[in-house]
Amino acid sequence: MSDTFKAILVSRDAEKKQSVEVVDLTEADLMEGDVTVAVEATTVNYKDGLAITGKAPVVRRWPLVPGIDFAGTVIDSSHADWRKGDKVILNGWGVGETHYGAYAGRARVKGDWLVPLPDGMSPHDAMAVGTAGYTAMLAVMALERHGIVPDRGPVVVTGAAGGVGSVAISILSTLGYHVIASTGRNAESPYLIDLGAAEVISRDELSQPAKPLAKERWAGGVDSVGTHTLANVLSMTTYGGAIAACGLAGGMDLPSSVAPFILRGVSLLGIDSVMAPKPVRLEAWRRIGKDLDLNKLSTLSRSIGFDGIVGAARDIVDGKIRGRVVVDM
Ligand code: NDP
């Protein structure tokens, strides 16, 4: 097919200086794969912000179409599981990092990477959840596996007004947890309470160097921030509690001690969405369909068009985006 479609392309010159441009591609320009999808909705995740701005080495193949997740309709398939007209979701597997990603009218990927769009969810809904929301669900599932149920006590969500944080609050509150939301944007308190937070605390309470142990405040947590924030969250976790670590919005280091682990039996649960096996993904999307109040998606997301992607990517690395940004292609 020779029809052209718009795509965002990030490139690098001989001096490794990165540039971003909008180009016209055809399907012949796409990378290898056994399923071609018409991209109907995508999103701007923190990782996409890093890829487009070049602030961290997310892109590992040049040039590249970024965009780590999309939802759309199969237009061509030689994969046994998928045929023309199927509605699908993709996130992770290196798409938007080493394989041409979502910021194009078409994407060609491996059929094994796709999951079906859950019943009752539109491509727009699925991307209002997106990688951030699916990661939040993985974190909640990890806490549950560790026995952190609502009766065990409050749970803390850091980076609360961001994408992972907003969806985590929505899911946890729907499940009956007492959610303590930590944010650097106090003006977002009404938004966080609307999503289901029972209490809102200032990011500053958790951003100073942590003591090995501090007053016990929560049984569990979902952390998007890392560094001193995660260290403080661990030091304030009650006996036998667990914290799911999924992000590094504040930094990649973890200036902590072993005290919470060896004196309070606290567990640190690692969350990776990119290479999560297919059965885990299917379960996470099933749970999203069941445990995320879809009405909250309109509260926690806003829509932009293709032309808004680069600006939103810059904003997200500057911590200026609230909730989720859906790109309607
Ligand atoms: P967002 O930018 O939407 O949210 C991050 C939030 O963290 C911000 O909204 C802000 O919340 C807070 N924050 C930002 N900068 C700082 C800082 N310097 N110090 C303290 N808090 C800060 O990103 P996402 O929600 O999409 O992603 C969150 C993190 O999770 C990212 O690091 C991302 O890379 C990671 N991630 C990991 C995945 C995995 O597979 N493990 C998958 C998806 C995301 P507030 O203003 O409320 O304080």
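**Exercise 1.** What distance separates the centres of domain 1 and domain 2, taken over C-alpha atoms?

*Solution.* The structure is a predicted model, and the first step is to fix the bounds of the two parts. According to the domain assignment, domain 1 comprises 5–117 + 295–328, while domain 2 comprises 130–270. Taken over C-alpha atoms, the centres of domain 1 and domain 2 are separated by 28 Å. As for the contact itself, domain 1 contributes 13 residues to it and domain 2 contributes 15 residues. On the side of domain 1 that touches domain 2, helix H8 (residues 295–300) gives the most, namely three residues. By character, the residues of that side of domain 1 are three nonpolar, six polar and four charged.

**Exercise 2.** Determine where the ligand lies with respect to the two domains, and describe the shell around it.

*Solution.* Begin with the residues themselves: there are 32 around the ligand, and those that come nearest are Gly159, Ala161, Gly162, Gly247 and Ser273. Sorted by character, the shell holds 13 nonpolar, 15 polar and four charged residues. Turning to secondary structure, at least two residues of the shell come from each of helix H1 (46–53), helix H2 (123–145) and helix H3 (163–174). The last step concerns the domains: because domain 1 (5–117 + 295–328) and domain 2 (130–270) both give residues to the shell, the ligand lies between them.

**Exercise 3.** Locate the cis peptide bond that involves proline 63, and place this proline in the chain.

*Solution.* The general expectation is that most peptide bonds are trans. The bond that joins tryptophan 62 and proline 63, however, is cis, with an omega of about -15°. Proline 63 itself belongs to the loop between H1 and strand S4 (69–77).

**Exercise 4.** Tryptophan 93 has a positive phi, and so has threonine 227; is each of them buried or partly exposed?

*Solution.* Most residues other than glycine have a negative phi. For tryptophan 93, phi is about 60°, and the residue sits in the loop between strand S5 (87–91) and strand S6 (106–109). For threonine 227, phi is about 45°, and this residue lies in helix H5 (residues 227–235). The decision then rests on a count, since a residue is buried if 20 or more other C-beta atoms lie within 10 Å of its own, and exposed if 12 or fewer do. Tryptophan 93 has 18 other C-beta atoms within 10 Å, and is therefore partly exposed. Threonine 227 has 21 other C-beta atoms within 10 Å, and is therefore buried.

Notes:
Residues are numbered from 1 along each chain as its sequence is written. This is a predicted model: local features need pLDDT of at least 70, side-chain atom pairs count only at pLDDT 80 or more; totals for chains, interfaces and linings use all residues. A residue is near a molecule or strand if its C-beta atom, placed from the backbone, lies within 6 Å of it. Helices (H or I, at least four residues) and strands (E, at least two) are DSSP runs, numbered from the N terminus. Ala, Val, Leu, Ile, Met, Phe, Trp, Tyr, Cys and Pro count as nonpolar, Asp, Glu, Lys and Arg as charged, and the others, Gly among them, as polar. Domain bounds come from an automatic or database domain assignment. Two residues are in contact if their C-beta atoms, placed from the backbone, lie within 7 Å.
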